[in-house]
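Colleague: Please take a close look at a single part of this structure and describe how that part sits in the rest. A connected account would suit me better than a list.

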Amino acid sequence: MPEAHGGIRPQELMQLGIDPNHIIDFSVNSNPFGPPPGLNDYLLDVDLTHYPDPQCYRLKKILSEAATTSVDCIAIGNGSVELIWACVRAFVSRSDRVLVVTPTFGEYQGALDLLGIQATEYQLDISNPNINVEEINNKINKIKPKLTFICNPNNPTGHVYTQQQVQLIAASCETVGGYLVLDEAYRAFAGLVQFAPNPFQNTIVLRSMTKDFAIPGLRLGYALADKKHIEAITAQCPPWSVSAMAQKAGEFLLVNSSKTERTITKTLELAKQFKRQLSSSGLTPMPSSTHYFLVNVGSATTIRRRLLDSYILVRDCSSFGLPEYIRISTRLPEENAQLCKVLAQM
Ligand SMILES: Cc1ncc(COP(=O)(O)O)c(C=O)c1O
């Protein structure tokens with residue numbers, strides 16, 4: 001079974017005799033500049049002797065102002081992945097159909113596996129950044145899914161749906177009596193406003209805070225939707241799933257979000273430079289509107305393994321059904337240069 005996610009696996013690396021602490025990780029699409037300064041010190045004061053607030057009220061309050069929405073229209077999760085799983089449990093039963101626009105993040109199907117549901121897939125053309133919404137809508141009208149998953153910007157392609165395209169898909173979902181789950185985990189990395197409200201009625205917007213703020217180890221994400229949908233999602237999450245540490249971090253990060261906005265803008269500039277450098281090294285990065293992108297390397301598994309010998313980790317895209325592609329996320333200039341150099345020598 002190909003690995004379903006990027007990220008460092010200490011067991012694999014230690015078996016290969018590679019020290020995980022020395023790895024440069026291009027396989028996870030986090031902000032390469034890390035969280036804003038001051039986060040670690042701020043977290044020293046977290047009270048670990050009491051249960052965390054099961055409603056995450058303080059965090060929701062700050063988020064409600066940032067996203068100009070009501071506290072009742074927000075759910076907080078232990079990473080947005082918890083909310084993906086909760087959406088499936090809240091809105092789908094075994095006899096329902098679900099549409100997933102692929103290749104995309106594997107956890108939509110991962111959550112559906114629990115109910116024994118195999119999603120119907122609409123296959124995007126990975127070489128064409130213009131998404132064919134008419135075809136997606138034809139599929140929705142044909143199979144009448146209870147739930148449709150789209151990822152915007154999409155992982156792993158970095159292709160973006162316009163607001164109007166999302167609106168058309170949400171409208172089709174509504175016509176057939178279904179819901180749209182709009183996964184915006186990488187929204188800010190497509191140059192879009194970070195905390196925009198959710199303008200759609202039958203749509204659950206999911207956002208991750210682990211990518212923008214570079215805190216995948218802390219786990220934090222949120223959903224924006226109608227109050228009744230939020231209640232249904234929250235009912236599917238265990239109590240206290242968001243730790244006191246994660247809640248407090250979220251509060252700090254939201255209050256200091258302008259610093260992160262600046263590092264995301266810088267990351268997008270670096271991405272353009274990085275793609276040019278890779279092209280000069282004889283590689284062909286696929287068109288992408290984000291800081292991560294696909295590159296055809298012939299055999300992703302072989303190249304990933306060989307790069308590990310140089311302490312470089314990339315995402316083998318075999319689990320996306322793309323065994324010839326690796327996904328690379330932009331990192332800091334000297335790290336990007338190092339990857340170009342090693343790839344050019346292969
Ligand atoms: C598209 C997408 N959605 C959601 C997630 C989950 O993110 P989180 O860390 O918030 O659980 C990921 C993680 O890789 C992702 O790629």
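Modeller: The protein chain of this predicted model is divided into domain 1 (10-35 + 258-344) and domain 2 (39-255). Their centres, taken over C-alpha atoms, are separated by 25 Å. To the contact between them, domain 1 gives 25 residues and domain 2 gives 26 residues. On the side of domain 1 that touches domain 2, helix H10 (257-280) and strand E9 (292-296) each supply at least two residues. H10 has the largest share of that side, with four residues. By residue class, the side of domain 1 that touches domain 2 divides into 12 nonpolar, 11 polar and two charged residues.

The part to look at closely is strand E6 (residues 179-183). Five of the five residues of E6 are buried, so the strand is largely enclosed by the rest of the structure. Burial here requires 20 or more other C-beta atoms within 10 Å of a residue's own. Both faces of E6 are covered: one side carries Tyr179, Val181 and Asp183, the other Leu180 and Leu182, and all of these are buried.

E6 has a parallel partner in strand E5 (residues 147-151), to which five bridges join it. In that pairing, Leu147 stands opposite Tyr179 of E6. Between the two strands the chain passes through helix H7 (residues 163-175), and the resulting β-α-β crossover from E5 to E6 is right-handed. Strand E7 (residues 203-208) also runs parallel to E6 and is joined to it by four bridges. There, Leu182 stands opposite Val205 in E7.

The loop between H7 and E6 contains Gly177. Gly177 counts as exposed because it has 10 C-beta neighbours inside 10 Å, and the limit for that class is 12 or fewer. Buried Tyr179 belongs to one face of E6, whereas Gly177 in the loop is exposed. Along the chain Gly177 and Lys146 are 31 residues apart, yet 6.9 Å separate their C-alpha atoms.

Finally, the ligand. Asp183, which is buried in E6, is one of the residues around the ligand. Others in that shell include Cys151, Asn155, Ala185, Ser208 and Thr210. Gly79, Ser80, Val81, Phe105, Pro216 and Gly221 are also among them. The shell divides into five nonpolar residues, six polar and one charged.

Note on methods. Residues are numbered from 1 along each chain as its sequence is written. This is a predicted model: local features need pLDDT of at least 70, side-chain atom pairs count only at pLDDT 80 or more; totals for chains, interfaces and linings use all residues. Two strands pair if DSSP finds at least two bridges between them. A crossover is right-handed if, with the strands pointing away from the viewer, the path from the first strand over the helix to the second runs clockwise. A residue is near a molecule or strand if its C-beta atom, placed from the backbone, lies within 6 Å of it. Ala, Val, Leu, Ile, Met, Phe, Trp, Tyr, Cys and Pro count as nonpolar, Asp, Glu, Lys and Arg as charged, and the others, Gly among them, as polar. Domain bounds come from an automatic or database domain assignment. Two residues are in contact if their C-beta atoms, placed from the backbone, lie within 7 Å.
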